[in-house]
Amino acid sequence: RSALPAIVNSCYYSRFSSTMGPKLRDPSLFKQDVCYVNGEWVKARSGKTFEVHDPATGQLIGTCPEFDAHDTEKAIETAAVAFDEFRHKTGRERSKLLRKWYDLMVENADDLAALITWENGKPTADAKGEVTYAANFFEWFSEEAPRIYGNTIPSSVPGNRVLTLKEPVGVCGLITPWNFPAAMITRKVGPALAVGCTVVCKAPGETPYTPLALAELAHRAGIPPGVVNVITALHATPEVGQVLTTHPTVRKISFTGSTPVGKLLMKQCSGTLKKLSLELGGNAPFIVFDDADVDLAVAGALASKFRSSGQTCVCANRLYVQRAVYDEFAAKFAAKVRDFTVGNGFQPGVTHGPLIHARALDKVEQHVRDAEGKGATVVLGGRRMPDLGPNFFQPTVLTGVTADMALAADETFGPVAGLFCFDTEDEVVAMANATPVGLAGYFFSRDVHRVHRVAEHLEVGMVGVNTGLISDPAAPFGGVKESGFGREGSLYGVGEYMVTKMVTYGGM
Ligand code: NAD
């Protein structure tokens, strides 16, 4: 057992990240090939590993264990043993553990941010923002942990008393994506631990080191062995997913990722009827009415569309601008986008990093070419940036975008802003809702009646009114339609990990 598998402390990161010194690029630091199971650092039984690459340079960062079905079963069994004890800790005890984990994240924020920049590509400032956001879930849920209780219900039967008990659902399988390597995990693990569940997290293959670093911090926080297990797999992911979703001991799956994989996992969960939360893809409408503060709308669109180079599930994907302010909005928006500095996220002054991999780049390019071919105008960008590295794409603004284009139907998940023109409120609400998914939606207006009306009519799980940023540990996060179900963050997030047991007392 290594005290710390060179994930956080051998570094390093904070010392070398600013200068991009040679040590930061030394892959030997990341060749320990261990995952965190039952409080120990363990290798895959097969000894197999997979490679992790820096999306900015394409260079090898290191390798990680390729966990298979057998390894996953072991992790689940471990979590089941730990559950028997952990569920009986008091809320106050669980709260203290989460709080300690939060404190350690804050103490190690620079290292964690450097890890995120390295394996995900987002610029240092964004990575630091993610660490704060991620840690805040632990803080939030540490505060919820002691305040979880049921009700006393007046019975309709004379002499009876009815109570409800809130109980942890059991062992949870958590599967997260690469776009927020820390926050997607803390948003699930925080509420799970708050109520007394134990977890097996399948870390994303593109960004496994941040989750493993979080595991190290869990260890240092004194979280008991088996309560938090973090496993990795790239090629064997379907097998790992199959075991997590079919093993009878796992009572809950929480998944964040693409809609097709979410549907597959739901099918697989049906055999053992697991509790399920799915946070899936979006295709967010972003509407600018002609009564909006246009400068505020531009600022909101920049934040919503281009954060993480457009690789967030709540990114504005379809920007609808009312005819009277269309040209003004397009000109002001494009002028701001022109000021972006694209590059390696470690370099000072860089505002936007690379995309995660070649597949992402292909999709973005295909959306731009499709729009161009169908009559859209490329106002800005539209091309790859091979001089910067393998995965860079110019921040792109398109005007004259219409409903027949690929980017209207499907989330681009990249730095492409397509501007549609509309005339009436009814028309734009209909266009906004004309998609099978419904995660986030945004609109800008100063008309108080319209603000309420449109918020109620958008078929999404989350609405930003006069803001492009909606993520907050205190607010319920989740979608409707094919964006999934279940809520994360807030008091609602806690409920996802509990079952309500009813007890009737007779003869009182
Ligand atoms: P993805 O669905 O391919 O992968 C997500 C995770 O699922 C990864 O850890 C991956 O290894 C794992 N996975 C893939 N196939 C699996 C299988 N058969 N069994 C078990 N696990 C499996 O998605 P992605 O491309 O990595 O992430 C981007 C997508 O995630 C986008 O569509 C985006 O909208 C969505 N997303 C949604 C949210 C949200 O909260 N709603 C947040 C971030 C990303």
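In this predicted model, β10, α9 and β11 come together as a right-handed β-α-β unit. Strand β10 covers residues 250-256, and seven of its seven residues are buried, so the strand is largely enclosed by the rest of the structure. It has a neighbour on the β11 side: five bridges tie β10 to β11 (residues 275-279), with the two strands running parallel. One of the pairings here puts Thr256 opposite Glu279 of β11. Strand β7 (residues 171-175) also runs parallel to β10 and is joined to it by five bridges; Cys172, for instance, has Lys252 of β10 as its bridge partner.

Some of these pieces turn up again around the ligand. Of the 25 residues surrounding it, Gly241, Gly257, Glu279, Gly281 and Cys313 come nearest, and Glu279 is the β11 residue that pairs with Thr256. Helices α8 (237-246) and α9 (259-270) each put at least two residues into the shell, with α8 giving the largest share, namely three residues. As for chemistry, the shell splits into 11 nonpolar, 11 polar and three charged residues.

Then there is the packing. In soluble globular proteins, nonpolar side chains tend to be buried together. Here the largest nonpolar core holds 85 residues, and Trp101, Met105, Val199 and Ile231 have the most contacts inside it. Leaving aside residues up to four places away in sequence, Val199 touches Ala79, Cys172, Leu174, Val189, Ala192, Val228 and Asn229; among these, Cys172 is the bridge partner of Lys252 in β10. A second, separate core of 60 residues includes Trp178, Val314, Val397 and Met462.

Notes
Residues numbered from 1 in each chain as written. Predicted model: local features only at pLDDT ≥ 70, side-chain atom pairs only at ≥ 80, totals over all residues. Near = placed C-beta within 6 Å. Helix = DSSP H or I, 4+ residues; strand = E, 2+ residues; numbered from the N terminus. Nonpolar A, V, L, I, M, F, W, Y, C, P; charged D, E, K, R; others polar. Core = buried A, V, L, I, M, F, W, Y, C linked by C-beta atoms within 7 Å. Buried ≥ 20, exposed ≤ 12 C-beta atoms within 10 Å, placed from the backbone. Contact = placed C-beta atoms within 7 Å. Pairing = 2+ DSSP bridges. Right-handed = clockwise from strand over helix to strand, strands pointing away.
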